Amino acid sequence: MVPVDDTALAVTDAAGDGVPVIYLNGHAAVQWQWRRVLADLGTQWRHITYDMRGRGKSQRSADCSFETNIRDVDAVLAARGVARAVVVGWSYGAFVAAHWASRNPARTVGAVLVEGAQPYDWFDESMEPGMRKLWKRIWWPMQLLRPFGMAPRMTADQLADSNIEVGKIARERDLGPVLDSIAVPARYVVASGESFGSQGGHEQTRASLPAVTARNPNIHISAKVAGNHGSILRKDYRAIAEAVREVAALDHEGN
């Protein structure tokens, strides 16, 4: 458990002499969901996973904002004595990874962005009441999964705030400059299929990526896989592992 602010983060560190890789989870996801990626990469890498504040085995926090999740990457790496790492994020975690890599080029070996950090203006303020209502409705059923570490310890308001915040962060005018400033090798791994209820939204979002890669030569699409947004860590873990190998091979500073 790594103490930070008013909480403590549940961290797993494989240790060893391999290139450190830190994995950043989806909005309400937990660290064990990376297990297939870790297994494919093998023991020659130093895998660091953790549950974001209020998720999994980590403790509750009064502040679960996007900025705290960026700072928590620093806290975890500092606690484990890691100076530089590959940063890998899925969904919400991909936004955290992109922002962290853009702010810390000297500390970033490379970045892998899995089905996230794609600039697209999908959110407007008129959606906010409906999103809050949705999270309040599904919060109680989610509590049945909490004893198994599969549901966040966040309140319904915190979950809604986090979801709304990332919708604003995803806007082209906000996320575009962040991606343009990434100065290390970065690779996208994107899905092809639509998740339940998305109604074509994911594919519209993915269509923003050619403009991103055209503007920044450090960023490429490593793979577009057959799975969807929710199944990609489970079904397409080999492509994610390969993207980690790609960016690490391009590192010129060493460890």
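Two aromatic rings of Phe, Tyr or Trp count as a pair if their centres lie within 6.5 Å. Keep that in mind for the second stop. The model on your screen is predicted.

**Stop 1: the annotated domain.** Select residues 20–135. UniProt lists this stretch as "domain: AB hydrolase-1", in an unreviewed entry. Colour it by secondary structure. Helix makes up 35% of residues 20–135, and strand 21%. Now click the C-alpha atoms at the two ends: they are 35 Å apart.

**Stop 2: an aromatic pair.** The structure holds 4 aromatic pairs. Show the side chains of phenylalanine 66 and tyrosine 92, which form one of them. How far apart are the two ring centres, and what is the angle between the planes? The centres are 5.8 Å apart, and the planes make an angle of 80 degrees. Planes over 60 degrees apart count as edge-to-face, so this pair is edge-to-face. Zoom out. Phenylalanine 66 sits in helix 2 (residues 66–79), while tyrosine 92 sits in helix 3. The two residues are 26 apart along the chain, so the pair links distant parts of it.

**Stop 3: helix 3 against helix 5.** Stay on helix 3 and add helix 5 (residues 156–169). Their axes are 11 Å apart, at an angle of about 50 degrees. The two helices are therefore oblique to each other. Their crossing is left-handed. Tyr92 turns up again here: with Phe95 and His99 it makes the helix 3 side of the contact. On helix 5, pick Ser162, Val166 and Ile169. By class, this contact has 4 nonpolar and 2 polar residues, and no charged ones.

**Stop 4: helix 3 against helix 6.** Hide helix 5 and select helix 6 (residues 172–180). The axes of helix 3 and helix 6 come within 8 Å and cross at roughly 50 degrees. This crossing is left-handed. Which residues of helix 3 make the contact? They are Phe95, Ala98, His99 and Ser102. Helix 6 brings Leu175, Val178 and Leu179. The contact counts 5 nonpolar, 2 polar and no charged residues.

**Stop 5: helix 4 against helix 5.** Bring helix 5 back and add helix 4 (residues 128–142). Here the axes are 8 Å apart and the angle is about 135 degrees. Helix 4 and helix 5 are therefore oblique, and their crossing is right-handed. Select some of the residues that meet. Helix 4 offers Glu128, Arg132, Trp135 and Trp139, among others. Helix 5 offers several, including Asp157, Leu159 and Ile164. How many residues of this contact are charged? There are 5, beside 8 nonpolar and 1 polar.

Note on methods: Residues are numbered from 1 along each chain as its sequence is written. This is a predicted model: local features need pLDDT of at least 70, side-chain atom pairs count only at pLDDT 80 or more; totals for chains, interfaces and linings use all residues. Side-chain values use heavy atoms; hydrogens and water are left out. UniProt positions are given in the numbering used here, feature names are shortened, and annotations may be inferred rather than shown by experiment. Helices (H or I, at least four residues) and strands (E, at least two) are DSSP runs, numbered from the N terminus. Axes are lines fitted to C-alpha atoms, for helices over the stretch in contact, and angles run from 0 to 180 degrees between N-to-C directions. A crossing is left-handed if the near helix is turned anticlockwise from the far one by less than a right angle, and right-handed if clockwise. Contact means heavy atoms within 4.5 Å. Ala, Val, Leu, Ile, Met, Phe, Trp, Tyr, Cys and Pro count as nonpolar, Asp, Glu, Lys and Arg as charged, and the others, Gly among them, as polar. Rings of Phe, Tyr and Trp (its six-membered ring) pair if their centres lie within 6.5 Å; planes under 30 degrees apart count as stacked, over 60 as edge-to-face and the rest as tilted. Angles under 35 degrees count as roughly parallel, over 145 as roughly antiparallel, 65 to 115 as roughly perpendicular and the rest as oblique.
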